[in-house]
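Reader: I would like a close look at a single part of this model, taken slowly and with its surroundings in view.

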Amino acid sequence: MGKMSPSVRSLVSTSVIKKPPSSSPSHKPQTHLTGKTPPQNSGKTQPQTHNPFTSPNLSDAKRVFNSIATSARNPLDLRHHNALLQSYAAISTVNDSIAFFNHMIKTQPAFSPERSTYHILLAQSCTVPDQTLQSVHQVLNFMVNNGFHPDKVTTDIAVRSLCLSGHVDEAVQVMKQMALKSAVPDTYTYNFLVKCLCKSRVLSTVRGFIDEMKSFGLKPDLVTFTIMIDNVANSKNLREATRLVDELEKEGFKPDCYVYNTIMKGYCMLSKGNEVVQVLKEMQAKGVEPDLVTYNTLIFGLSKCGRVVDAKKYLRIMVEMGHFPDEVTYTSLMNGLCRKGDALGAVALLSEMQAQGCRPNECTYNTLLHGLCKGRLLEKGLELYGLMKKDGMKLDTASYGTLVRTLCRAGRIADAYEVFDYAVESKSLTNVSAYLTLEATVKQVKKARP
């Protein structure tokens with residue numbers, strides 16, 4: 001995307017909108033709870049796994065297995081047996097999978113199943129459990145009868161499989177039963193279930209589960225409290241979030257940056273700028289150093305409240321503290337300026353952003369487009385839209401709707417239909433959503449005409 005024409009550069013003397021890279025990275029949320037970075041696509045095409053079993057029929061499955069075993073150049077090892085069992089379990093019932101398992105042992109004397117083999121059956125039994133958990137207990141008993149007593153890995157597989165299948169209450173039941181059988185889960189499994197409960201149950205239920213698990217030696221840690229704080233803060237219950245922080249400290253834990261960022265985010269959702277600043281002061285008073293996410297959240301909250309001057313002040317502070325503003329920082333400020341009706345100031349900030357080597361992303365351009373159209377700077381907005389279109393950037397719902405409405409009100413219906421065509425072609429919006437917005441706008445404009 002090249003530089004904008006002189007007509008748009010005239011918005012401000014230093015305003016130059018440069019072409020963003022076609023693959024500019026968007027802001028990713030913190031991965032505090034897991035501490036892991038999401039795997040990156042290497043760019044290579046991943047081979048698709050072919051399931052050799054085309055029918056759930058047990059007899060057919062046995063024939064397929066026999067054919068594979070006899071045609072193999074080398075004897076099948078544990079990995080091959082596990083893979084075949086997992087493939088068949090994906091389409092069969094638990095009883096048939098157990099029968100297939102026994103067939104593999106009978107026909108392949110060299111095959112010696114390990115705990116991982118039984119865990120395949122356990123995971124399958126957890127996908128379609130009944131309230132009595134009969135199939136789960138069937139597999140667990142099958143394991144024990146063959147010399148494999150459940151351990152914490154067994155518990156983890158059962159709990160995760162049940163939760164991922166939407167059976168959270170059953171997962172709680174299994175965890176308690178396994179703990180009674182000396183298969184007490186570790187903190188990772190425990191906190192995973194707490195997180196699932198927070199998503200689907202009220203906080204009192206979560207607290208009841210935590211209290212029950214204390215009898216098995218499992219106590220809430222910093223991650224547990226953080227999960228609960230994140231949940232109530234997202235629900236805009238900041239009073240409970242603050243109370244949980246106090247409880248966390250009484251238990252001997254020190255709130256970290258993520259905890260404060262979470263509470264700050266909650267106040268941002270409520271547009272409470274003073275409280276956002278107060279959280280920053282509190283964390284600094286307790287010796288917790290703000291990070292980039294802290295400042296981005298603070299700047300977003302203040303900008304959302306219309307306190308752009310204060311937001312810019314913290315932009316300078318974060319630079320002084322060694323944190324470089326990113327596209328999230330600048331886009332938040334641009335959004336604040338546009339909210340105040342200063343779309344030209346937002347364009348000027350774009351020039352500053354690019355001068356600092358920070359690359360704008362789709363969100364940045366959509367924010368500007370929305371602001372320019374709302375500010376009745378249609379021609380400038382159209383030129384920006386042209387640059388977005390040239391680079392294949394998607395329109396978000398707000399910028400699309402604002403641009404279409406502004407064009408229709410200006411009597412440029414044909415241009416509005418062109419924007420509709422691009423929104424559908426670029427898969428910015430669904431056909432129905434894009435058309436309904438356009439149709440409603442055209443009707444309003446026609447109705448308003450004398």
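Is helix H17 mostly covered or mostly uncovered, and how many of its residues are buried?

Author: The model is a predicted one, and what follows should be read with that in mind. Helix H17 spans residues 327–339, and its 13 residues reach 18 Å from the first C-alpha to the last, close to the 18 Å expected at 1.5 Å a residue. The helix is mostly covered, with 10 of its 13 residues buried. Those buried residues are Glu327, Thr329, Tyr330, Thr331, Ser332, Leu333, Met334, Gly336, Leu337 and Cys338, a list in which polar side chains such as those of Thr329 and Ser332 appear alongside Leu333 and Met334. As for what covers them, the buried residues of H17 pack against helix H15 (292–304) and helix H16 (308–320), and also against helix H18 (343–355) and helix H19 (362–374).

The two ends of the helix deserve a separate word. At the N-terminal end, Asp326 acts as a cap, with a side-chain oxygen 3.1 Å from the backbone nitrogen of Val328. Beyond the other end, H17 is followed by Gly341, whose phi is positive, near 85°.

Some other places in the chain help to set this helix in context. Cys257 belongs to helix H13 (residues 257–269), and its relative accessible area of 14% means that it counts as buried, the limit being under 20%. Leaving out residues up to four places away in sequence, Cys257 touches Met283, Val288, Glu289, Pro290, Asp291 and Thr294, and its C-alpha atom is separated by 9.9 Å from that of Gln284, 27 residues apart along the chain. Thr406, found in helix H21 (residues 397–409), is likewise buried, with a relative accessible area of 15%; with residues up to four places away again not counted, Thr406 touches Cys373 and Leu378.

On a wider scale, the largest nonpolar core holds 123 residues, of which Phe100, Leu193, Phe209, Ile263, Tyr400 and Leu403 touch the most other members. Phe100 also forms one aromatic cluster with Phe53, Phe65 and Tyr88. Across the whole structure a search finds 12 aromatic pairs, one of them the tilted pair of Tyr118 and Phe148, at 5.1 Å centre to centre and with 40° between the planes. Because Tyr118 lies in helix H5 (residues 115–125) and Phe148 in the loop between helix H6 (134–145) and helix H7 (152–164), this pair ties together parts that are 30 residues apart in sequence.

Notes:
Residues are numbered from 1 along each chain as its sequence is written. This is a predicted model: local features need pLDDT of at least 70, side-chain atom pairs count only at pLDDT 80 or more; totals for chains, interfaces and linings use all residues. Side-chain values use heavy atoms; hydrogens and water are left out. A nonpolar core is a set of buried Ala, Val, Leu, Ile, Met, Phe, Trp, Tyr and Cys residues joined through side-chain atoms within 4.5 Å. Buried means under 20% relative accessible area, exposed over 50%, partly exposed in between (1.4 Å probe, protein chains only). Helices (H or I, at least four residues) and strands (E, at least two) are DSSP runs, numbered from the N terminus. Contact means heavy atoms within 4.5 Å. The expected span of a helix is 1.5 Å times one less than its number of residues. A polar contact is a pair of N or O atoms within 3.5 Å; within protein, one must be able to donate a hydrogen and the other to accept it, and residues adjacent in sequence count only if both atoms are side-chain atoms. Rings of Phe, Tyr and Trp (its six-membered ring) pair if their centres lie within 6.5 Å; planes under 30 degrees apart count as stacked, over 60 as edge-to-face and the rest as tilted.
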